Amino acid sequence: MRADLIIVGAGMVGSTLALALEHSGLDILIVDGSPLSVAPFAADAPFEPRVSALSVASQRIIERLGAWQGIASRRACPYGEMRVWDGSGTGSIHFAAASVHADTLGHIVENRVVQDALLERLHDSQIGLLPGARLEQLRRSGDDWLLTLEDGRQLRAPLLVAADGANSAVRRLAGCATREWDYLHHAIVTSVRCERPHQATAWQRFTDDGPLAFLPLAGPAGEHWCSIVWSTVPAEAERLMALGDEDFCRELTRAFESRLGQVLHADRRLCIPLRQRHAKRYIEPGLALIGDAAHTIHPLAGQGVNLGFLDAAVLAEVLLHAAERGENLADERVLSRYERRRMPYNLAMMAAMEGFERLFQADPLPLRLLRNIGLDLVDGQAEAKALFVRQALGLSGDLPELARA
Ligand SMILES: Cc1cc2nc3c(=O)[nH]c(=O)nc-3n(C[C@H](O)[C@H](O)[C@H](O)COP(=O)(O)OP(=O)(O)OC[C@H]3O[C@@H](n4cnc5c(N)ncnc54)[C@H](O)[C@@H]3O)c2cc1C
């Protein structure tokens with residue numbers, strides 16, 4: 001089977017790229033190892049443990065691709081405020097969408113919901129979709145990439161995009177170098193029911209062992225649900241994972257300083273080791289890496305997939321402009337326009353997250369004092385806070401057209 005462009009990975013980011021190129025005239029094939037079926041949605045179904053805080057920029061991209069309705073009709077929780085505080089000090093900071101005249105800071109959405117809304121659109125499009133297609137081998141064959149799937153089928157295309165996530169097979173098989181290191185943190189994620197309402201606020205407490213986030217979910221009337229991301233050192237994560245539900249809820253209530261009252265119930269817990277990874281290059285002739293295949297960052301600012309959506313939108317824009325001008329899309333000079341626009345932004349975001357993570361891990365008293373004074377100082381500066389808020393909305397930097405107002 002041959003196509004002009006093969007995208008490996010129909011996750012949130014790969015699906016977005018395919019949809020953004022829907023009217024490009026290119027013969028596109030998107031392949032994924034999973035069945036790519038859309039599960040029927042039941043409003044009373046338990047929450048999926050993996051969620052994302054989608055920025056306003058991501059929402060705009062998904063809206064323009066016609067998939068936001070699929071999210072809104074399922075389940076999404078808008079949030080307008082964010083409260084961050086230092087658990088071992090007194091510093092705190094509060095952000096509000098209203099400070100920049102925005103309606104929301106973003107939406108908390110289950111990954112499955114985002115994925116299904118995008119898949120629904122893909123199934124309705126003319127884009128070639130190949131489920132159950134796990135990439136196993138990859139090599140150059142003339143000007144094409146030759147892909148061999150697990151079941152022996154072969155695919156070829158002059159342009160290949162890796163959207164196959166953090167452990168990208170494309171990246172590995174193409175020999176793309178990465179810089180990576182362990183955060184020495186695991187993240188425990190689950191959905192919890194709290195005693196008090198979440199106030200449409202994203203809460204984050206920095207503990208001595210790592211950040212603990214409570215993200216608001218759209219629960220049934222009268223129930224107050226949050227998704228939690230509890231990042232901590234591996235030994236502590238192991239201990240917390242081994243606790244019975246009641247003990248876990250008790251420890252979680254204490255770690256969160258009972259800000260939303262008691263944690264009354266916790267769903268099934270997942271424990272995810274956190275690793276920072278960044279490809280040294282996002283491109284080579286005929287190949288581009290996007291989303292987690294190009295970079296994974298600490299979830300403390302909830303930016304991972306937001307960066308991925310912007311990668312997909314920028315790459316689509318670059319390819320569409322190049323196609324209009326009749327350029328060879330596999331040419332390194334064309335693809336490097338994508339890398340030049342995205343790499344500095346992604347690196348800056350990763351450096352900021354790394355800095356935050358280290359600052360809050362720091363134990364010496366002067367550093368603790370400094371960060372508490374710093375938080376309070378920033379909290380008093382309307383302009384500095386507005387800058388942070390714009391960053392959270394995803395509306396700073398070199399935005400692709402799909403993300404502009
Ligand atoms: C605890 C935690 C919390 C997070 N919270 C947030 C948040 O609040 N906001 C945010 O923006 N981000 C968040 N992230 C990051 C976000 O989850 C990721 O950035 C996002 O899931 C990456 O999407 P992707 O499409 O690039 O990759 P993936 O979602 O990993 O999709 C990859 C796809 O490729 C397919 N695939 C893999 N290998 C192959 C193969 N060999 N052949 C064929 N197909 C293959 C897979 O089946 C999958 O469909 C969080 C991450 C963690 C760990």
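Visitor: Which residues of α2 are the buried ones?
Guide: They are Val56, Ala57, Ser58, Gln59, Arg60, Ile61 and Ile62. Keep in mind that this is a predicted model. "Buried" here stands for a relative accessible area under 20%.

Visitor: And what makes α2 "largely enclosed"?
Guide: It's a head count. Seven of the nine residues of α2 are buried, so the helix is largely enclosed by the rest of the structure. Just after α2 comes glycine 66, with a positive phi near 80 degrees.

Visitor: Why are α2 and α8 called oblique to each other?
Guide: Start with the angle: α2 (residues 56-64) and α8 (residues 304-324) pack at about 45 degrees, with their axes 9 Å apart. Angles under 35 degrees count as roughly parallel, and roughly perpendicular begins at 65. An angle of about 45 degrees fits neither range, and the pair is therefore oblique.

Visitor: Which residues make that contact between α2 and α8?
Guide: On the α2 side you have Ser58, Ile61 and Ile62, and on the α8 side Asn306, Phe309, Leu310 and Ala313. Sort them by class and you get five nonpolar, two polar and no charged residues. The crossing of α2 past α8 is left-handed.

Visitor: How do you know that α1 is roughly parallel to α4?
Guide: Same recipe. α1 (residues 12-20) packs against α4 (residues 111-123) at an angle of about 30 degrees, and their axes are 10 Å apart. Under 35 degrees counts as roughly parallel, and that makes the label fit α1 and α4.

Visitor: What do α1 and α4 touch each other with?
Guide: α1 brings Met12, Ser15, Thr16, Ala18 and Leu19, while α4 brings Asn111, Val114, Gln115, Leu118, Arg121 and Leu122. By class, that is six nonpolar, four polar and one charged residues. α1 passes α4 in a left-handed crossing.

Visitor: Which strands does α1 lie across?
Guide: α1 lies across β1 (5-8), β2 and β12 (159-162), and it runs at about 165 degrees to β2. β1, β2 and β12 belong to an open sheet of six strands, in the order β8-β2-β1-β12-β20-β19.

Visitor: What makes β8 and β19 the edges of that sheet?
Guide: Count partners. β8 (128-130) and β19 each have a single partner strand, so one side of each is left without a neighbour in the sheet. The pairing in this sheet is mixed. For the parallel kind, look at β2 (residues 28-31), which three bridges join to β8. Leucine 29 has glycine 128 in β8 as its bridge partner.

Visitor: Which strands are the edge ones in the sheet with the order β3-β7-β4?
Guide: β3 (51-54) and β4 (77-79), as each pairs on one side only. This open sheet has three strands with antiparallel pairing, and from one strand to the next the twist averages 25 degrees.

Visitor: How do you know that β3 and β7 pair?
Guide: At least two bridges are needed for two strands to pair. β3 and β7 (residues 106-110) have four, in the antiparallel sense. In one of these places, valine 51 has glutamate 110 in β7 as its bridge partner.

Visitor: Why is β16 called largely enclosed?
Guide: Eight of the nine residues of β16 (residues 224-232) are buried, so the strand is largely enclosed by the rest of the structure. β16 runs antiparallel to β13 (residues 178-194), joined by nine bridges, and isoleucine 188 is matched there with tryptophan 230 in β16. β15 (residues 210-216) is also antiparallel to β16, through five bridges, and leucine 215 stands opposite serine 227 in β16.

Visitor: Why does arginine 281 count as buried, partly exposed or exposed?
Guide: Its relative accessibility is 40%. Buried needs under 20% and exposed needs over 50%, so arginine 281, at 40%, counts as partly exposed. You'll find arginine 281 in the loop between β18 (270-279) and β19 (283-284).

Visitor: What does arginine 281 touch?
Guide: Leaving aside residues up to four places away in sequence, arginine 281 touches Leu289, Glu332, Glu339 and Met343. Take methionine 343: it is 62 residues from arginine 281 in sequence, yet 8.4 Å away in space, C-alpha to C-alpha.

Key:
Residues are numbered from 1 along each chain as its sequence is written. This is a predicted model: local features need pLDDT of at least 70, side-chain atom pairs count only at pLDDT 80 or more; totals for chains, interfaces and linings use all residues. Side-chain values use heavy atoms; hydrogens and water are left out. Helices (H or I, at least four residues) and strands (E, at least two) are DSSP runs, numbered from the N terminus. Axes are lines fitted to C-alpha atoms, for helices over the stretch in contact, and angles run from 0 to 180 degrees between N-to-C directions. Angles under 35 degrees count as roughly parallel, over 145 as roughly antiparallel, 65 to 115 as roughly perpendicular and the rest as oblique. A crossing is left-handed if the near helix is turned anticlockwise from the far one by less than a right angle, and right-handed if clockwise. Contact means heavy atoms within 4.5 Å. Ala, Val, Leu, Ile, Met, Phe, Trp, Tyr, Cys and Pro count as nonpolar, Asp, Glu, Lys and Arg as charged, and the others, Gly among them, as polar. Buried means under 20% relative accessible area, exposed over 50%, partly exposed in between (1.4 Å probe, protein chains only).
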